[in-house]
Amino acid sequence: MRPIEQRAVQAYREQFLEEPAIIASAPGRVNLIGEHTDYNGGFVLPCAVEQRVAVAVGAVGHESGLNQATASTLLSQLAFGSDAVQGVLYSADFRELCPLTGKRTGSWADYPCGVVWALTAQGHEVPLFRATFAGDVPLGSGLSSSAAIEAATALALDAFFHLGISGKDLAVLCQQAENKFVGVNSGIMDQYASLLSQAGMALLIDCRTLEAEAVPLDLAAAGLTLVVCDTQVPRELSATGYNARRQTCERAAHALGVKDLRDAHVRDLDRLSGEELKRARHVVTENARVLEAAEALRRDDFVEFGRLMYASHRSLRDDYEVSTPELNAFVDLAAQFRALGARLTGAGFGGCAIALIKSEGAQALVESVRQHFAGRGFPRPIFYTFQPAAGAEVVR
Ligand code: GLA
């Protein structure tokens with residue numbers, strides 16, 4: 001068991017004075033290329049990071065199965081709501097106990113509650129259960145901590161209640177939880193990547209057909225490091241900016257008479273103008289870049305892969321307009337340090353950027369970014385390096 005999974009188990013023992021029946025975990029993700037293409041029916045190429053959210057699940061037992069503090073907190077919380085309680089959730093990170101109800105509370109518990117809501121909406125019976133969570137995916141940084149908690153919950157409940165739902169269907173279910181319960185109108189990439197990634201592989205996902213192909217990504221063998229820079233820029237505008245871009249894409253697709261922008265070609269673009277043209281140009285060219293990048297990976301052509309990463313960043317900066325000065329500064333510095341490629345990753349508006357660089361050059365880049373950010377009064381960035389990790393797993 002990974003340390004993070006042990007923490008979830010330990011929390012379960014402390015809160016409920018029993019052993020959990022099921023332990024599962026799911027990773028955050030980094031998207032290598034293919035940004036804002038998922039909700040346009042297109043292609044993405046993410047991989048799982050090493051940080052995960054773990055969950056320990058068991059049945060609700062008798063009164064004696066709660067420690068004294070847990071029981072009294074829960075009772076006082078229940079006194080406030082008349083909603084039917086479907087279970088009990090505890091976060092080891094927030095040290096917080098929440099009743100599982102069908103109501104949104106604006107907290108971490110919305111993600112597991114959303115998964116239960118989506119299961120029920122699909123006609124699955126979800127008897128009472130209790131669960132403890134522990135995670136080390138940084139929150140709100142664009143590494144998809146929310147998808148990780150949804151994916152871990154969905155996989156654990158599928159195993160616990162013997163639902164027999166496929167990984168792909170769990171991804172769709174988690175996306176529904178996010179869209180319809182949590183209220184964030186995201187695409188399918190994050191949940192799909194968290195559930196279905198494989199260690200040592202990137203995952204080429206066709207977001208229309210939901211078919212995927214694992215493409216080997218052995219960075220160590222190539223002497224390369226993927227540096228993730230969390231700019232620590234709060235993504236305040238991300239929800240509104242994200243939704244506005246989705247709507248513009250839908251308008252552009254409508255104007256071109258196609259179902260999704262995935263079906264449009266570069267030659268169609270001169271029928272658009274203004275914002276619709278810029279947004280659509282990003283999506284159409286980005287989709288093509290993803291396929292080229294996967295092809296480059298298949299032949300271990302990291303030089304070409306890196307070139308496509310830089311092109312993706314320029315397109316996100318100039319046409320999709322979701323970059324920030326911090327993300328641009330990171331990419332510019334990466335280029336100065338001869339990184340093969342660099343780009344913002346995730347939705348943009350802050351969050352993370354990545355650079356693919358020869359391993360011996362990674363530390364110098366990190367130090368220079370730290371200095372440069374401090375000099376410009378940017379927030380203090382946080383760096384991660386990782387090898388592509390395993391997707392969601394039931395570990396016991
Ligand atoms: C967020 C969303 C994803 C995807 C990316 C942009 O991470 O959750 O579905 O749209 O932004 O590529």
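Q: Which residues does valine 57 touch, leaving out those up to four places away in sequence?
A: This is a predicted model, where local features need pLDDT of at least 70, side-chain atom pairs count only at pLDDT 80 or more, and totals for chains, interfaces and linings use all residues. Residues are numbered from 1 along each chain as its sequence is written, and side-chain values use heavy atoms, with hydrogens and water left out. Taking contact as heavy atoms within 4.5 Å, valine 57 touches Tyr12, Pro20, Ala21, Ile22, Phe129, Arg130, Ala131, Ala156, Leu157 and Phe160.

Q: Which helix gives the most to the largest nonpolar core?
A: A nonpolar core is a set of buried (under 20% relative accessible area, 1.4 Å probe, protein chains only) Ala, Val, Leu, Ile, Met, Phe, Trp, Tyr and Cys residues joined through side-chain atoms within 4.5 Å. The largest one has 80 residues, with Val57 and Phe129 among those with the most contacts inside it. Helices are DSSP runs of H or I, at least four residues, numbered from the N terminus. With 9 residues, the top contributor is helix 4 (145–160).

Q: Which residues of helix 3 are buried?
A: Helix 3 covers residues 110–121. Its buried residues pack against helix 4 and helix 5 (167–182), among others. They are Asp110, Pro112, Cys113, Gly114, Val115, Val116, Ala118 and Leu119.

Q: What residue with positive phi follows helix 3?
A: Helix 3 has 12 residues. The residue after it has a phi near 90°, and it is glycine 123.

Notes. Buried < 20%, exposed > 50% of the residue type's maximum accessible area, 1.4 Å probe, protein only. Helix = DSSP H or I, 4+ residues; strand = E, 2+ residues; numbered from the N terminus. Expected span 1.5 Å × (residues − 1).
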